[in-house]
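Trainee: I'm new to this one and could use a hand. Could you walk me through a close look at a single part, the place where the two domains meet?

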2 protein chains.
Amino acid sequence: MKTNIQSTLVTCLAGSLLMCLALIQPLQAEEGMWTFDNFPSKAVAAKYGFTPSQPWLDHVRAASLRIAGGCSASFISPQGLVMTNHHCVVECVEQLSTPQQNLVETGFSAKTIAEERKCPAFELDQLVQIRDVTADIQGVLAGKAGDEANKALHAKEAELQQSCGSDASVRCDVVSLYHGGVYDLYRYKRYTDVRLVFAPEFTVAQFGGDPDNFNFPRFDFDIGLLRAYEGDKPAASPEFLRWGVNGSKDGDLVFVSGNPGGTSRELTVSQLAFARDTAFPLEMPELAEYRGQLEQFITRGPEQARAAREDLFFVENDFKASFGRQQALLDTQFFGGKQQEEQKLRAAVAADPKLAPFASAWDEIAQIQRVRGQLFTRRVSLGSYFFQTGLLGYAVTLVRAAAERTKPNGERLPEYTDQSLVNVQQELTAPIPIHKDLEELNLTLLFTVVRRDLGADDSFVRKMLGAESPEQLAHRLVSGTHLEDAKVREGLYAGGQGAVAASADPMIRFAASINEDRLALRKDYEARVEAPTRAAAERIANARFAVYGTSVDPDATFTARLSYGTVKGFENAEGRFVDPYTTIGGLFERTTGASPYALPQTWLTAKASLDLKLPMNLSTTNDIIGGNSGSPVIDRDGNVVGLIFDGNIFSLGGDYGYDAAKNRAVAVDSRALLEGLQKVYHLDRIVGEIQAGRR
Amino acid sequence: MKTNIQSTLVTCLAGSLLMCLALIQPLQAEEGMWTFDNFPSKAVAAKYGFTPSQPWLDHVRAASLRIAGGCSASFISPQGLVMTNHHCVVECVEQLSTPQQNLVETGFSAKTIAEERKCPAFELDQLVQIRDVTADIQGVLAGKAGDEANKALHAKEAELQQSCGSDASVRCDVVSLYHGGVYDLYRYKRYTDVRLVFAPEFTVAQFGGDPDNFNFPRFDFDIGLLRAYEGDKPAASPEFLRWGVNGSKDGDLVFVSGNPGGTSRELTVSQLAFARDTAFPLEMPELAEYRGQLEQFITRGPEQARAAREDLFFVENDFKASFGRQQALLDTQFFGGKQQEEQKLRAAVAADPKLAPFASAWDEIAQIQRVRGQLFTRRVSLGSYFFQTGLLGYAVTLVRAAAERTKPNGERLPEYTDQSLVNVQQELTAPIPIHKDLEELNLTLLFTVVRRDLGADDSFVRKMLGAESPEQLAHRLVSGTHLEDAKVREGLYAGGQGAVAASADPMIRFAASINEDRLALRKDYEARVEAPTRAAAERIANARFAVYGTSVDPDATFTARLSYGTVKGFENAEGRFVDPYTTIGGLFERTTGASPYALPQTWLTAKASLDLKLPMNLSTTNDIIGGNSGSPVIDRDGNVVGLIFDGNIFSLGGDYGYDAAKNRAVAVDSRALLEGLQKVYHLDRIVGEIQAGRR
């Protein structure tokens with residue numbers, strides 16, 4: 001199973017940053033986003049002389065949290081205190097702001113427990129159990145294809161969810177690992193009363209902004225503190241991470257526990273080529289156009305800036321990350337490595353008669369890419385994010401939820417099973433401020449882009465627009481709807497199909513008018529692309545197990561993973577070695593006074609009291625990816641030594657492969673966190689709570 | 001030399017729109033943007049029984065015009081009346097508008113000759129002579145490389161220009177054809193007093209807007225009329241195109257005389273791969289971001305819309321055209337065809353010992369792409385359009401012109417030779433309205449993107465921004481400069497180096513501060529990329545001449561070309577046959593009342609009087625590309641039957657290859673033009689002038 005790393009490295013010549021990643025099979029040193037039930041403790045022990053024990057793993061898992069919106073977090077006190085990134089709580093901070101009080105700009109500190117403020121729509125999930133349900137799922141899928149397979153899968157998933165308990169404080173997800181090679185049922189304890197404790201000013205949390213994003217050296221104070229509540233009281237969290245007394249040092253073994261959102265390392269070459277040649281060329285300019293619109297929108301005035309700054313931040317981040325991924329695929333040597341890797345596995349399959357049933361899977365996936373290509377532009381258009389968010393998102397959800405709730409649980413769309421409806425209802429009823437001018441911008445762009453991509457004469461486009469222009473339609477819907485009122489949404493949800501059918505709200509009527517077309521396309525795409533891809537990918541996963549064994553981490557799936565690595569610098573693109581630590585003093589040196597290199601007054605005032613030599617941010621070799629934001633960095637004692645918030649520029653190709661030489665995780669150092677909370681924000685209450693557990 | 005078209009067609013299987021283009025060597029039927037001194041009259045005669053004679057060709061050439069800004073046009077009366085597209089004169093229309101009178105929106109008609117209004121910066125060029133100077137140029141290039149070759153080329157070009165006459169009414173350009181295989185000296189008569197006679201409302205000129213752009217069926221009234229003046233009187237234009245009495249019909253032989261801007265059909269596969277994998281992925285999102293900014297900007301108010309609508313139109317057009325070109329290169333079958341084509345030529349070279357000196361040229365160009373890749377992002381950043389336009393463009397020009405004018409003519413940058421300075425001076429002194437908020441948008445984006453692409457720590461970026469943010473720098477420069485005043489520019493130009501050095505204008509100081517860095521990079525790029533590429537491309541051109549002969553049209557170079565073809569429909573992407581003519585009635589049927597499908601009141605009022613059955617737009621097989629906008633479509637008698645304004649969606653890959661089955665030029669029918677001028681705009685004066693020459 002193992003190959004000689006040295007021998008494959010000789011084919012790695014100079015010139016390409018990412019070229020070596022994929023040549024080494026099955027894994028590079030320290031590569032891996034490991035599930036908690038398959039952690040390579042022996043490999044860690046062999047290399048570092050420390051064996052993460054089962055209790056150690058169980059403790060770390062229980063102290064780790066997932067933020068349903070797409071981040072990671074951890075308990076850092078026994079009273080439900082939660083640490084994550086500022087950029088993971090900024091949506092809540094924005095929602096709690098008003099035209100009179102822009103908390104994104106000023107930051108927020110709850111001086112007393114009474115001042116902790118509920119985030120309108122926030123969910124924290126704590127993983128409590130993993131159960132293998134591969135046989136259950138593969139059993140119902142056997143012999144089925146296309147839509148039939150999808151229906152069987154959804155029914156089984158709904159049944160497994162249901163068997164987990166119907167309590168709203170329990171969440172169960174069927175998790176597909178290795179693209180269908182393994183299915184696990186993940187059971188979570190779910191916290192839905194989550195309150196904001198602390199958020200610094202945006203400018204110091206995101207110091208360096210877009211230019212410094214995905215770069216290192218770095219100087220960000222990207223922390224947000226929350227608290228989980230139960231029964232209107234701070235939740236008891238006996239499993240929490242203690243604060244390390246000494247922090248970390250260069251070369252230290254460190255772990256990152258979090259929820260990496262997704263990787264594509266197991267995809268076939270034809271799927272990667274599809275991403276490179278079809279998906280990125282279509283999607284990158286559309287993302288850039290939205291970015292351009294938001295960039296202009298926020299210059300209109302402080303209210304517009306307040307409304308859209310957070311969206312712009314995420315669009316910038318998404319663009320930069322996607323551009324890096326695209327560049328990795330465009331690197332012919334990197335792509336060649338993926339091709340070699342695939343050829344090697346296919347050769348091994350071809351050489352073993354027992355593996356013959358798997359041999360055709362790659363060609364099947366290549367064939368599916370042609371179908372996918374035919375449907376792709378329409379799928380992207382009709383599946384646009386803008387149909388699923390904001391006022392139109394509410395309308396679509398209300399229309400669909402009303403219809404789906406009339407069906408048996410197992411026959412519904414997966415996002416409307418009884419368990420999922422807990423979230424649906426929470427999101428519909430959360431009193432989130434709506435910025436109607438931003439809504440109008442979003443919908444105008446949506447309608448414009450759909451018409452552009454599908455053509456003015458397309459039947460869906462004609463149904464969508466009628467005789468109106470995108471601007472007119474967006475304006476009519478946004479100005480006429482009352483869905484910005486959470487009570488109206490609650491009423492329509494409670495009223496079900498009758499209420500939705502009787503509603504004259506233009507947004508509801510519009511969502512209803514395009515609902516069937518959108519669902520039909522989705523069903524077609526799932527049947528003709530997703531189902532056969534899943535079936536073929538399952539065979540490839542089994543082929544990989546047969547050839548390389550099962551000590552391989554699965555592609556990330558926004559579920560709990562643990563990675564190990566060390567504090568370590570790297571050589572940058574200009575060939576200069578970059579130290580793994582920056583200092584608080586470096587933050588002040590980088591400050592120009594102009595955005596995004598301006599510091600808030602709190603930091604300028606506190607400067608004299610700060611220990612400028614303390615580490616500010618650090619880089620480690622941990623294998624992470626988006627979704628890991630907010631993950632704790634912990635030492636071998638399980639103590640917090642940092643807070644992940646980014647990766648370096650070389651980490652962007654990590655979607656497709658990990659490069660131990662260059663790929664770095666980027667974290668806020670625990671010493672800077674404490675120094676800032678104490679001397680800049682004077683959060684004695686919280687510092688005391690954290691330090692009570694310090695060791 | 002010739003290959004059998006039938007035999008190569010059998011390799012063209014279904015599936016790809018553009019796949020067949022490149023398999024046929026050397027040319028498909030009707031492919032070709034021919035120079036007037038190498039027109040394939042015999043081939044036309046053989047196919048259509050009509051031989052364009054030398055007098056016929058000379059007449060058409062002399063009646064054809066080039067608009068220096070990037071369009072084509074023609075004389076259509078002996079009194080200097082010029083026909084082109086609305087989108088070729090819209091810049092002038094915008095410049096003549098005021099906050100009180102938005103001529104882009106209302107249109108413009110000069111009811112009398114006295115009402116014809118001078119376009120502030122407009123130049124029409126009439127080609128009067130072509131002289132082969134290949135020996136002169138190749139002589140001075142022989143044995144030289146890199147910067148030395150560039151200097152020798154520029155000096156020789158300056159000398160040849162100068163030898164042509166120093167009269168400001170003469171313009172001479174050295175034109176490189178076949179990427180250096182042939183050099184010609186083109187001598188033009190230059191008209192710089194050009195006045196606006198007629199422009200319809202934007203909404204009917206660009207009916208269907210971006211969604212319908214590059215599509216057919218189409219219904220645009222995309223015409224603009226100008227008049228060339230000499231000595232403050234209408235210029236005499238004895239060589240003009242007469243108006244055809246009967247228009248055209250399906251299948252008719254038609255010619256298009258114009259100035260196609262540029263094609264890339266002779267590029268090597270490594271150059272095409274560079275465009276596909278490096279240039280498009282970087283440039284498309286940047287263009288899309290600018291589009292998004294302009295889309296938002298124009299929603300701010302009528303003044304912003306007036307300022308930016310034209311820019312947005314061109315950005316949309318550029319984006320759609322570039323996206324089509326990118327898609328052609330991403331089509332693996334199309335790209336495979338280009339690879340086959342190259343392999344075939346290389347095999348022929350390899351098989352003939354006499355051609356041995358040419359054999360390494362392709363590999364040399366492939367090697368150059370690596371150097372190009374290293375320099376490319378910096379070249380794109382520092383060579384950005386925004387450094388060359390608007391207020392900063394003025395400043396850069398003033399700084400450079402002052403320095404260059406101190407040098408001997410042959411040692412200057414090519415854009416500052418004595419002949420070029422005529423244009424430089426005209427552009428600097430033209431009283432063009434400046435929209436400062438749009439300038440600020442442009443510069444903020446420029447500085448942001450340069451920092452994004454090169455990194456915040458890059459030395460050029462640090463020099464450019466100092467401690468300011470992109471927004472701050474743009475605001476300081478734009479609000480502080482006085483370069484919007486043509487008199488100020490004129491004074492600085494007249495004052496030369498002393499005046500520029502003494503100027504405290506922040507835009508001048510900024511342009512001066514970054515000038516050396518930008519020039520140094522340009523020189524490096526030209527020496528290490530352009531010079532060796534030119535040398536290798538010249539050898540490839542000679543190899544192609546040796547293998548295929550010289551009856552091949554050169555890549556387009558925004559110089560006078562003539563193409564032939566027929567009025568013909570095509571099969572669209574859904575497999576439905578599209579008739580080559582639309583009707584005026586169809587325009588009204590497509591009208592929804594909402595932008596971009598709204599008609600101006602003039603057309604709605606005139607509807608009852610119009611012959612709705614008359615052809616509105618038509619499609620032909622002529623091989624054209626951007627730059628051909630405004631070209632006359634003429635019949636075998638040399639009479640006007642249409643006015644080119646676009647191509648269909650399949651024409652977008654035409655940059656890399658022509659597909660006779662699908663590629664179509666799109667024109668306004670001459671009958672609709674006359675009907676509209678007469679019955680919608682009541683332009684009796686002009687209609688009479690046109691009809692006086694009708695036959």
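Mentor: Sure, let's go there. The area buried between domain 1 of chain A and domain 2 of chain A comes to about 3300 Å², and carbon and sulfur atoms give 58% of that. Keep in mind as we go that this is a predicted model.

To find your bearings, look at how chain A is divided: domain 1 takes in 2-123 + 192-263 + 557-691, while domain 2 covers 269-548. Their C-alpha centres lie 28 Å apart. Where they touch, 39 residues of domain 1 of chain A are in contact with 35 residues of domain 2 of chain A.

Now for what links the two sides. The rule finds 2 salt bridges across this interface. Try picking out the salt bridge between the side chains of R325(A) and D655(A), with 2.6 Å from N to O. There are also 10 residue pairs in polar contact across the interface of the two domains, both residues being at pLDDT 80 or more.

Next, stay on the domain 1 side that touches domain 2. The elements giving two or more residues to that side are helix 4 (86-96), helix 8 (202-205) and helix 9 (209-212) of chain A. Helix 4 of chain A gives the most, with 5 residues. As for the make-up of that domain 1 side, you'll find 17 nonpolar, 16 polar and 6 charged residues.

How values were computed
Residues are numbered from 1 along each chain as its sequence is written. Chains are lettered from A and ligands numbered from 1 in the order in which they are written. This is a predicted model: local features need pLDDT of at least 70, side-chain atom pairs count only at pLDDT 80 or more; totals for chains, interfaces and linings use all residues. Side-chain values use heavy atoms; hydrogens and water are left out. Domain bounds come from an automatic or database domain assignment. Contact means heavy atoms within 4.5 Å. Buried area is the accessible area (1.4 Å probe) that two parts lose on being put together, summed over both. A salt bridge is a side-chain nitrogen of Lys or Arg within 4 Å of a carboxyl oxygen of Asp or Glu. A polar contact is a pair of N or O atoms within 3.5 Å; within protein, one must be able to donate a hydrogen and the other to accept it, and residues adjacent in sequence count only if both atoms are side-chain atoms. Helices (H or I, at least four residues) and strands (E, at least two) are DSSP runs, numbered from the N terminus. Ala, Val, Leu, Ile, Met, Phe, Trp, Tyr, Cys and Pro count as nonpolar, Asp, Glu, Lys and Arg as charged, and the others, Gly among them, as polar.
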